[in-house]
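I opened this one to look up strands, cores, cysteines and charged pairs. My notes follow in the order I went through them.

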Amino acid sequence: MKPWIKHSADPFVTKKDGKYYFTATAPKYDYISLRESDGLCALSESEEKIIWRRHVEGEMSGYIWAPEMHFIDGAWYIYFAASRIDKIWNIRPHVLKCEGDPMKDEWVEMGKMKAAEGDGFSFNSFSLDATTFEHRGERYFVWAEKIGVWKGISNLCIAKMKSPVELSTKQVILSTPCYDWERVDEWVEEGPAVLKHNGKIYLTFSASATGAAYAMGMFECDEDADLLDPMSWRKERLPGLKTDTEKEIFGPGHNSFVKDEEGNDICAFHARDFEKIVGDPLDDINRQAYLLKVVYDENGKPIFDLDNVKN
């Protein structure tokens, strides 16, 4: 299958006022860039503009991963994970803000995402892949955080937000990797993304190490439920998107959702077009972005069928 945008892990797409915006993890993890276009597919032909580069030392000088751009309370915010060059695994969520045109105006560093008062756990260990969404007047923050000693287990956490840069409630552990397909080489749940449809809230996520075993799972929650209650969310037993050797899609995951020009729900995800990675997977830049049209079954549940990849 033909990729949409090459060398673009963790693709994130959003739309505002008829404009589409795209960002992704940079191949060398050293900057954040944006693309802008009037059309979704046309983003692949748009010029990439670097809007921020990592620091030479200190905070935000190490790995820069998985940026997401959201429009909140009249301004643009980019949430991304960053570490220090001298402590590369001290990954934490950070925030940039732009009060004007995201392609032209200044992006201001807002520092690390702040935990709620009295929360001694959030963002105190390996934390990344933050996303945010609004529901019925409340804004929520969902992210992955490793909990435990030695290697740790990457769990999904959720909390309400006080502002675009601070939580208002203590973290709730939404889920931990409990199924076999979430525990291949690494015990991981990460890369959350939210899709609303037909009275339900769907939360997709990615699991296992980032090779061919990487796959995308999904939770379902009723729109009237308490979103901070883990019992409100039902996790699918099997992944909805996984490696397909015939289609040469290996390790699909870390997706985002956006509507195309016709109003269809589109899933942007990354994958490799080969199975075996030579050397450290972090050194391999060949995670490519793809677009997939989401279809729904008779019960309104989303289906992620690789036959619906847009080329």
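**Entry 1: charged pairs around E59**

I started with E59, which counts as partly exposed because its relative accessible area is 32%. This is a predicted model, so I am reading computed values throughout.

What does E59 form a salt bridge with at 3.8 Å? I found K112, with 3.8 Å between the closest N and O atoms. E59 sits in the loop between β4 and β5 while K112 is in strand β8, so this pair ties together parts 53 residues apart in sequence. I also checked exposure for K112: it is partly exposed, at 39% relative accessible area.

E59 has a salt bridge to R84 as well, at 3.5 Å from N to O. R84 belongs to strand β6, and 25 residues separate it from E59, so I noted this pair too as a link between distant parts of the chain. R84 comes out partly exposed, with 24% relative accessibility.

**Entry 2: other salt bridges**

Next I wanted the total, and it is 21 salt bridges. K16 and D17 make one of them, at 2.7 Å from N to O. Here K16 is partly exposed at 24% relative accessibility, whereas D17 is exposed at 68%.

Which residues are linked in a network of salt bridges? I wrote down K200, E220, D222, R234, E236 and K301. As a reminder to myself, side chains of opposite charge can pair when their charged atoms come close.

**Entry 3: the sheet β1 to β4**

I then traced the strands. Four of them form an open sheet in the order β1-β2-β3-β4, with antiparallel pairing. The edges are β1 (9–16) and β4, each pairing on one side only. Neighbouring strands here are turned by 25° against each other on average, direction ignored.

Going through the pairs, I found three bridges joining β2 (residues 19–25) to β3, and the two run antiparallel. Y20 has S37 in β3 as its bridge partner. β2 and β3 make a hairpin with five residues between them, and Y29 in the turn has a positive phi of about 60°. On the other side, β3 pairs with β4 (residues 49–53) over four bridges, again in the antiparallel sense. The bridge partner of L34 in β4 is K49.

Is β3 enclosed or open? Six of the seven residues in β3 (residues 31–37) are buried, so the rest of the structure largely encloses this strand.

**Entry 4: the sheet β5 to β8**

A further open sheet has four strands in the order β5-β6-β7-β8, paired antiparallel. Its edge strands are β5 (64–72) and β8 (108–112), and each pairs on one side only. I looked up the average turn between neighbouring strands of this sheet, and it is 25°, direction ignored.

Inside it, β6 (residues 75–84) and β7 (residues 87–98) pair antiparallel over eight bridges. Y77 has K97 in β7 as its bridge partner.

**Entry 5: nonpolar cores**

How many residues does the largest nonpolar core have? I got 27, and the ones with the most contacts inside it are W65, I91, L128, I158, L227 and W233. The elements giving two or more residues to this core include β5, β9 (127–135), β10 (138–147) and β11 (153–163). The largest share is four residues, and it comes from β15.

I picked L227 for a closer look. Leaving out residues up to four places away in sequence, L227 touches F133, H135, Y140, I158, I201, C221, D222 and W233. D222 turned up earlier in my salt-bridge network, and I158 and W233 are on the list of residues with the most contacts inside the core.

There is also a second, separate core of 17 residues, with M218, C267, F269 and L306 among them.

**Entry 6: cysteines**

Last lookup: disulfides. The structure holds zero of them. C267 is in no disulfide, and the nearest cysteine sulfur, that of C41, is 14 Å away. A disulfide needs the two sulfurs within 2.5 Å, so I left it there.

Are C98 and C267 buried or exposed? C98 counts as buried because its relative accessibility is 0%. C267 is buried too, at 0% relative accessibility.

How values were computed:
Residues are numbered from 1 along each chain as its sequence is written. This is a predicted model: local features need pLDDT of at least 70, side-chain atom pairs count only at pLDDT 80 or more; totals for chains, interfaces and linings use all residues. Side-chain values use heavy atoms; hydrogens and water are left out. Buried means under 20% relative accessible area, exposed over 50%, partly exposed in between (1.4 Å probe, protein chains only). Two strands pair if DSSP finds at least two bridges between them. Axes are lines fitted to C-alpha atoms, for helices over the stretch in contact, and angles run from 0 to 180 degrees between N-to-C directions. A nonpolar core is a set of buried Ala, Val, Leu, Ile, Met, Phe, Trp, Tyr and Cys residues joined through side-chain atoms within 4.5 Å. Contact means heavy atoms within 4.5 Å. A salt bridge is a side-chain nitrogen of Lys or Arg within 4 Å of a carboxyl oxygen of Asp or Glu.
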